[in-house]
Amino acid sequence: MNTVEHVEVVLPGKVEPEGLEIRYGQPVPVPGTGQVLIRMEATGVSFAEQQMRRGRYFDQPPFPFVPGYDVVGTVLAVGAGVGRGLLGERVAAMTKTGGWASHVVVDADDAVGVPKGVSPAEAETAVVNGITAWQMLHRRARVRAGHTVLVHGANGGVGSILVQLALGAGAEVIGTASTRHHDALRAMGVTPVDYRGADVPARVKELAPGGVDAVFDHVGVHSVTHSWRLLAPGGTVVSYGSAATRDDEGSGLWPVLQLLGRVWLWNWLPNGRHAYFFNVWAGRALSRNRFRARLRADLTQVFAALQRGEIAARVAAEIPLVRASEAMRLAESGTVAGKVVLVP
């Protein structure tokens, strides 16, 4: 195993995408007790890495480090206490960092099996994006048949899975996106709204005069305030990011604190509406076993929906790991639909 070349992408500091460094010649990591070694077959470029390179992602490690929020690959080796039955199995795991490497070590309990017939790139689109979409839709907003929901960024990595899961649950879906994505959204059964050229709140009120039952908002505090006002009685807004502040300078914590403050205030108002700030890692520190069980159950549901064709994997591009700078630049361009995937 030590003769195999190990490759990893290092984020050395606050750099442009071209400042990412490719590191060769490091020893292939060895799994410890309760761990597995995964040969990476797909990892993704998400909003988290875009924020990390700006030093604006909450709770990111100090520079330098290897980014990579999730990984899909084949188990090459297992540590003590792990059954050898996992050897050769294709698995997926959320890592937060470390996924942009040819070989990744994770705890065996964090590895979730990828079903047969689902390719590594397809599975990659559904790991952190799928978990985020599933948990916001079913565990927070509890969307069901007959509901009307608004999904901001309906063409994006999380948004595209959200709209498919919502449609699958029997909901009516309104999705914001630039006009070049509208035909594709209509073909799926989504009512598109141009987030650039239209008065989004006014247009949504035309489409849903009584309000919407749920809004999923990744844009930030200004947008989520409008989203709150669009809710029907009993409705739920789920905020899960601050894309509008991606290029801002200064602390990345401030936008999160603003969103948390709004959520806290709104939930105290006696109007029957609900607000959440979603963090996919919530609860991990309090009960790791419960967090793992929930993640495994939900990711298994997402993979099953992918395998059955109920959701389609939206792979924007597959780019070799050593061209991570190009992949990052493409993901940040706003010109693609779906997820940019890094492959060996």
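Trainee: Which residue in E9 is the bridge partner of valine 149?

Mentor: Valine 149 has valine 173 as its partner in E9. A word on the source: this is a predicted model, where local features need pLDDT of at least 70, side-chain atom pairs count only at pLDDT 80 or more, and totals for chains, interfaces and linings use all residues. Residues are numbered from 1 along each chain as its sequence is written, and side-chain values use heavy atoms, leaving out hydrogens and water.

Trainee: What makes E8 and E9 a pair?

Mentor: Two strands (DSSP runs of at least two residues; helices, H or I, need at least four; both numbered from the N terminus) pair if DSSP finds at least two bridges between them. Strand E8 (residues 148-151) and E9 share four bridges, in the parallel sense, so they pair by that definition.

Trainee: Why is E9 called largely enclosed?

Mentor: Buried means under 20% relative accessible area, exposed over 50%, and partly exposed in between, with a 1.4 Å probe and protein chains only. Five of the six residues of E9 (residues 172-177) are buried, so the rest of the structure largely encloses this strand.

Trainee: What makes the largest nonpolar core a core?

Mentor: The term means a set of buried Ala, Val, Leu, Ile, Met, Phe, Trp, Tyr and Cys residues joined through side-chain atoms within 4.5 Å. The largest such set has 86 residues, and Val149 is among those with the most contacts inside it, as are Trp100, Leu162, Phe216 and Phe303. Helix H9 (residues 288-308) gives the most to this core, with seven residues.
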